[in-house]
Amino acid sequence: MKRLLLFAMMCVSISFVFAQKKGDKVVKVTSSEIRWWGYKVVKTVPTTHSGTVKLKSGKFTFDKTVLVDGEFVIDMKSLMAGDVSSQDEDMVKLTNDLKSTNFFEVKKFPLAKFHLTKIIPLANSEFNSTVYGDITIKGVRKTITFPANVYITQFTVVIESAKFSLNRRDFKVFYQSSLKDYFIKNEMDIQFRISTEKLDNENRTPVKKKK
């Protein structure tokens, strides 16, 4: 009987700990911009393609005022080559190709994810931090790091990454059986900025709220 009572008390204690953990502050991302670049083997301006993809959702978790981690979901169906407002025929064709089974297979893998695990401050550098995390594309998860300027004030977070590279072949992003793939560099570049507040596009700082 005593053992049963002790076991019950332990269960209550464990439940209480997890209940406290669930009380952590969660702050949603409200402003975001993600850009990408792809290159042919002969890397020049005419052989470089770029475009955008949208963040579906994002959040940061705090333990009191300490940032614990971040979870971000990317909407691969929003993947676009060229300018967002452009209806250029070549860009439309490239966009459809990128979404097809030749590359990102967005019907099968409509979401990509990034789990931010830690941020390490940097001194005497162009960027003030190194960001660590796990990115999942087409069901393949890889641990990555990249430089960024990170600004955290209480529960406000702004992250502006450097342009950093991913190897598309690590995520099975390539023509399955085509000579075309040999003319494309494995390196694809990503750059993003996200914020828990709306950002001023000119100076990339949170817009001051009206009082």
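Begin with the lining of the largest pocket in this predicted model: select its residues and colour them by character, and they divide into 30 nonpolar, two polar and seven charged. The space inside the largest pocket comes to about 890 Å³. Of the 39 residues in the lining, those closest to the centre of the pocket are Trp36, Gly38, Leu98, Phe104 and Met188. Show these five as sticks to locate the centre.

Next, select strand 10, residues 184-195. This strand gives the most to the lining of the largest pocket, contributing seven residues.

Now display the whole chain as a cartoon. Two helices and ten strands should appear. Followed along the sequence, they give the pattern α-β-β-β-β-α-β-β-β-β-β-β. Among the contacts between residues at least 6 apart in sequence, 54% join residues at least 24 apart.

Switch to a surface view. The accessible surface of the chain is about 14100 Å², and carbon and sulfur atoms account for 56% of that area. Of the 211 residues in the chain, 37% are buried.

Finally, colour the chain by pLDDT. The mean is 83, and 76% of the residues reach 70 or more. Which elements have the lowest and the highest mean pLDDT? Select helix 1, residues 2-22, for the lowest, at 37, and then strand 6, residues 129-137, for the highest, at 98. Over residues 2-23 the pLDDT stays under 50, and the model has one contact beyond four places in sequence for this stretch. Where pLDDT is low, the predicted coordinates should not be read in detail.

Terms used. Residues numbered from 1 in each chain as written. Predicted model: local features only at pLDDT ≥ 70, side-chain atom pairs only at ≥ 80, totals over all residues. Heavy atoms only, no water. pLDDT = per-residue confidence, 0-100. Helix = DSSP H or I, 4+ residues; strand = E, 2+ residues; numbered from the N terminus. Contact = heavy atoms within 4.5 Å. 1 Å grid on protein atoms, 1.4 Å probe; cavity = no way out; pocket = protein on both sides within 12 Å on 5 of 7 lines; lining within 4 Å. Points joined across faces, edges and corners; volume = space filled by probe spheres on them. Nonpolar A, V, L, I, M, F, W, Y, C, P; charged D, E, K, R; others polar. Buried < 20%, exposed > 50% of the residue type's maximum accessible area, 1.4 Å probe, protein only. Areas by Shrake-Rupley, 256 points an atom, 1.4 Å probe, with all protein chains shown as cover.
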